[in-house]
Amino acid sequence: YGFINTCLKSLVVERYGEETWEKLRLQAGAQDSFLTFEVYKDEITMQLIDKACKILGVPADMVLREFGEYFFEFCKRSGYDHMLRTLGGNLYEFIENLDALHSYLSLSYQAKKGIEVLVLFVFPQEMNAPSFRVEKNEDGSMHLHYYSDRRGLCHIVPGIIGAAALDFFNIEISMEIVNQTEEEERTGKKEHIVFLVTQNPVFSYKERNEFSSSHQYLADSEKQIENQLNKEDLEKAKNTIRDRGSSVCPVKKSHWKTIRGIITLGKGKLLRGFDPVYPKSLWIDTKTLCNGLPFHMVFDKEVGQACVKQAGVSIQKIVPGLQTMGICLDHYFSIVHPEVPFTISSIQKFINSQFVFQTRREMMPESWKQRPMLELRGQMIWMESLQCMLYLCSPLLRTLHELEERQMHIADIAPHDVTRDLILLNQQRLAEMELSNQLERKKEELRILSKHLEEEKKKTETLLYAMLPQHVANQLKEGKRVEAGEFKECTILFSDVVTFTNICAQCEPIQIVLMLNSMYLQFDRLTTVHDVYKVETIGDAYMVVGGVPVPVPTHAERVANFALGMIIAAKGVQNPVSGNPIQIRVGIHTGPVLAGVVGEKMPRYCLFGDTVNIASRMESHGVPSKIHLSSSAYQCLKYKNFEMTERGEIEVKGKGKMHTYFLIRNKTATENEIMGRP
């Protein structure tokens, strides 16, 4: 279920960062987020764990153990803290009731296909949940038996159990695998791992002082009440306290709890030394028992088979064959959970587990075979004196619809059986879960839409920033009016293709487009390399500026280096007529300009002023494959490690005579540096 994969994602992101998770999920071929109630293939989780081991360079057992520890905290944060704490008063009881927890979740959270998984633990019954069986040893240690269809995940268990022991019972435990086999007795050849669990109490300095003082207080209390208790009862009290002190999971008691533990209730009766009282004979007749417990069965072992000796009235109504006493129980039922053979010896091994029986379709009356088969859930109790097994159970029903499908009624369930309430309450629960599921799906859809919207926004902004300066574009997006700005000094460059008119006359239009595109792509890359602003292109003319829209003192050097790169780049573009490299003219001038946005439809960032005209004249009066400089551009580059030659005075249209120069090269930069190559 998505709960598991979400936990794994949370672990990786929290401890190793978003980038590691992104890398991990891409390698595993997994999606970025998971729905809590959605069922996912086991292979996805296995792939994520496998890739995590490789990316992090950590052995699988360590990754699984860390995941187990984190999963326990993740469950607590997800609202399961109280549920887990109430499983048992010590670690033994906690583990003993894990299968019961699975069974509850299976019943309570069933909706559509899904159950929300709270696993240890780790998968619900409908997904072949693992089973846990625990045995106490004389030295206080335990043997934990773990059964699972999923090989290689056993190292999760020490992580989760260890975290639960420390958090709930304040004890540190160590777990080591002492046996690992395939369980032949269980169907499906499940992996059977046996852990040796050893426990050590953990007390802080303050707790240790309080614990020792409580023992002293207990000793004083015993002296005070010694006159009130006879010697036999006092001895029993001491033995009981001593036995409690050596329990599997010691728990620190308060002073008042200790006192209450030895207060007398009537003459010689101790609360902590409670012994139940049983009647000499059973005060209930057979008919009342079968009616009062309508879902129960008693069976024994005859010739290795489970033979029915007694059955409740409701179960007889549903399975008419049970009215014939002495029949073999496994002819009418199969054991769904735990997956054990239908023998007394196998059942005794899992006596602390909840057992789920399912009716066999082939043994039902012909008219009933189209109905869904009924499942029963309950506990097994071994009656040593009778050598029989008692199965106390209830129908495993989740909704009114399931009740109707089996043609049963609420009246068929005993009034004291909480299954009645659970069926009714679960109707509302399922509706709430369905709503929660829909909200989660909508949330995921919105997250994906938001992600796509953000991507489209970035594309739009990239396109907008290619047309206008970023700060200008941002002002326009905010609906602000962009004021024109005056720049006291900047450097403007114009270029065009030599004999472009003749080339156009002799070529197909598509050839011209391909030629210009090839050339402009290289020029555009150079604007990024030298950080100059591309103003516009008109036909074969290309215009850039340095120092606008962001003023910089190195505007002339940037444009000069860009111009040198243009000459080199043009040599790589082929003339579609002659097949030779094309030739370009470049003109540069430095001076003041006014810059602003013109128009509302397809707005452009334009430059105005005589500086623009003079830069254009430098280009039109230039020489093929040369960079023509005005005197002001020359003065800006004069002491900046550029080699330049004097052209002299020339007649410039509309400007008269002007002294101009040619830019030859950059004395300190290599061609690769000019072109921005590695």
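A residue counts as buried when its relative accessible area is under 20%, and that cut-off will be handy in several of the views below. The model shown is a predicted one.

**View 1. Threonine 527 sits in helix H18.** The helix around this residue covers residues 509–530. Threonine 527 has a relative accessible area of 11%, so it falls under the 20% limit and is buried. Look beyond its neighbours within four places in sequence and you will find threonine 527 in contact with Val532, Lys534, Tyr542, Val544 and Phe562.

**View 2. Phenylalanine 195 belongs to strand E4.** Strand E4 takes in residues 191–201. Because its relative accessible area is 1%, phenylalanine 195 counts as buried. Methionine 142 is 53 residues away along the chain, yet the C-alpha atoms of the two residues are separated by 8.1 Å. Met142 is also one of the contacts of phenylalanine 195 once neighbours within four places in sequence are set aside. Others on that list include His143, Leu144, Tyr146 and Cys154, and you can also pick out Val157, Pro158, Met175, Glu176, Ile177 and Val178.

**View 3. Cysteine 53 and cysteine 388 are both buried.** The relative accessibility is 12% for cysteine 53 and 8% for cysteine 388. If you are checking for disulfides, the structure holds zero of them.

**View 4. Residues 425–463 are helix from end to end.** The span is 100% helix and 0% strand, and its end C-alpha atoms lie 57 Å apart. For these residues, an unreviewed UniProt entry lists a "coiled-coil region".

**View 5. Two stretches have pLDDT under 50: residues 225–230 and residues 240–253.** For residues 225–230, the model has four contacts beyond four places in sequence. Residues 240–253 have 23 such contacts in the model. As background for this view, the mean pLDDT of the chain is 81, and 83% of the residues reach 70 or more.

**View 6. The whole chain puts the close-ups in context.** Its 678 residues include 22 helices and 18 strands. Buried residues make up 46% of the chain. Among contacts with a separation of 6 or more, 61% join residues 24 or more positions apart. The accessible surface comes to about 36,100 Å², with 53% of that belonging to carbon and sulfur atoms.

Terms used. Residues numbered from 1 in each chain as written. Predicted model: local features only at pLDDT ≥ 70, side-chain atom pairs only at ≥ 80, totals over all residues. Heavy atoms only, no water. pLDDT = per-residue confidence, 0-100. Contact = heavy atoms within 4.5 Å. Helix = DSSP H or I, 4+ residues; strand = E, 2+ residues; numbered from the N terminus. Buried < 20%, exposed > 50% of the residue type's maximum accessible area, 1.4 Å probe, protein only. Areas by Shrake-Rupley, 256 points an atom, 1.4 Å probe, with all protein chains shown as cover. UniProt positions renumbered as here; feature names shortened; annotations may be inferred. Disulfide = S-S within 2.5 Å.
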